[in-house]
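Biologist: Got a minute to walk me through this one? I'd like to start with the empty spaces inside.

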Amino acid sequence: MELDGRVAVVTGGTRGVGAGIARALLRAGARVVVCARRPPDAPVEEGGRRAEFAPLDLRDPHAVEAFLAGLDATHGRLDVLVNNAGGTPYRLLGEGEAERHARVLALNLTAPLTVSLAAYERLRAARGSIVMIGSVSGTRPSPGTAAYGAAKAGLENLARSMAVEWAPYVRVNTLVLGMVRTELSHLHYGDEAGIAAVGATVPLGRLAEPSEVGEAAVFLASARAAYVTGASLLVHGGGERPAFLDAATVNTADKES
């Protein structure tokens, strides 16, 4: 129970990756508060313990401040902030005006900045940590989700700057995620055959599970990572096999095996 007695907030923690992170934090002993605009279909629970839910629009700075004030009243401290909330629809750049793409930036970059700034003094008092949930979309071209990729690239750089400015009081790190299997995977990859085919492109041969992301988040939030800040931990199953390897007409032994 390495986070026993700690208080953790997971934004967007009601489903998918966020719920996986919240469950892992519960397993580690933390008191967990998940926030999102809408409540979960079912409580986020693990091992007989339940995460609290708070409705919150992260793009509203006044609502963020009110949420943290309520956290002070109920828990009196904040040790871990996981900036997980985010996402994007598939939209080619030419299919939407700049304002539509800017909304993606607001959710995936500006909102984590807003919450982190509002939480800073609380985290400083607890010598706590921030875990940003990044994406491989921020490290490679992301056609159809260009604004999302740009936001995730900015988020990773923001975390590194925060880590330097806020040391030694608050540690700030990023989990750079590849593809994760969630209840919404079919919207991105299709049916079970499509999900399996996409998973086969990953060196480890499958998509990640939310619980595996959660275990990585617990590590970064715990004392085991006491000397880790400004880091980016890749949780992507080995990344992507370079396309040129399959296109080349030499060195084909691996393909034949």
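Biologist: What classes of residue make up the lining of the largest cavity?

Modeller: The model is predicted, so take this as computed. The lining of the largest cavity has 4 nonpolar, 4 polar and 2 charged residues.

Biologist: Which residues line the largest cavity?

Modeller: Thr88, Pro89, Arg91, Arg100 and His101 are among them. Val104, Gly144, Thr145, Ala146 and Ala147 also line the largest cavity. Two elements, helix H3 (98-126) and H4, give two or more residues to that lining. H3 gives the most, with 3 residues.

Biologist: How much space lies in the largest cavity?

Modeller: About 50 Å³.

Biologist: And how many cavities of 30 Å³ or more does the count come to?

Modeller: The count comes to 2. The second largest cavity has a volume of about 40 Å³.

Biologist: What lines the second largest cavity?

Modeller: Thr11, Leu58, Asn83, Asn84, Ala85, Leu107, Ala111, Pro112 and Val115. By class, that lining holds 6 nonpolar and 3 polar residues, with no charged ones.

Biologist: Which element gives the most to the lining of the second largest cavity?

Modeller: H3, with 4 residues. H3 also gives the most to the lining of the largest cavity.

Biologist: OK, changing topic. What is the strand order in the open sheet?

Modeller: The order is E5-E2-E1-E6-E7-E8-E9. That makes an open sheet of 7 strands, with parallel pairing.

Biologist: Which are the edge strands?

Modeller: Strand E5 (52-55) and E9. Each pairs on one side only. On average, neighbouring strands of this sheet are turned by 20° against each other, direction ignored.

Biologist: Let's zoom in on E8. Is strand E8 mostly covered or uncovered?

Modeller: Mostly covered. E8 spans residues 171-177, and 7 of its 7 residues are buried.

Biologist: Which residues point which way from E8?

Modeller: Arg171, Asn173, Leu175 and Leu177 point one way. Val172, Thr174 and Val176 point the other way. All are buried, Arg171 included.

Biologist: How does the chain cross from E7 to E8?

Modeller: Through helix H4 (residues 146-166). This β-α-β crossover is right-handed.

Biologist: Over how many bridges do E7 and E8 pair?

Modeller: Over 7 bridges, in the parallel sense. Strand E7 covers residues 129-135. Isoleucine 133 has leucine 175 of E8 as its bridge partner.

Biologist: And over how many bridges do E8 and E9 pair?

Modeller: E8 and strand E9 (residues 232-235) pair over 4 bridges, again in the parallel sense. Valine 176 has leucine 234 in E9 as its bridge partner. For leucine 177, the partner in E9 is valine 235.

Biologist: Last topic, pockets. How much space lies in the second largest pocket?

Modeller: About 190 Å³. The second largest pocket is lined by 14 residues.

Biologist: Which of those lie nearest the centre of the second largest pocket?

Modeller: Arg127, Gly128, Arg171, Ser222 and Ala226. You met Arg171 a moment ago, as one of the buried residues of E8.

Biologist: What classes does the lining of the second largest pocket have?

Modeller: It has 7 nonpolar, 3 polar and 4 charged residues. For contrast, the lining of the second largest cavity has no charged residues.

Terms used: Residues are numbered from 1 along each chain as its sequence is written. This is a predicted model: local features need pLDDT of at least 70, side-chain atom pairs count only at pLDDT 80 or more; totals for chains, interfaces and linings use all residues. Side-chain values use heavy atoms; hydrogens and water are left out. Buried means under 20% relative accessible area, exposed over 50%, partly exposed in between (1.4 Å probe, protein chains only). Two strands pair if DSSP finds at least two bridges between them. A crossover is right-handed if, with the strands pointing away from the viewer, the path from the first strand over the helix to the second runs clockwise. On a 1 Å grid over the protein atoms alone, a cavity is a set of points where a 1.4 Å probe fits but cannot get out, and a pocket is an open set with protein on both sides within 12 Å along at least five of seven lines; lining residues have an atom within 4 Å of a point. Grid points are joined across faces, edges and corners, and a volume is the space filled by probe spheres set on the points. Ala, Val, Leu, Ile, Met, Phe, Trp, Tyr, Cys and Pro count as nonpolar, Asp, Glu, Lys and Arg as charged, and the others, Gly among them, as polar. Axes are lines fitted to C-alpha atoms, for helices over the stretch in contact, and angles run from 0 to 180 degrees between N-to-C directions.
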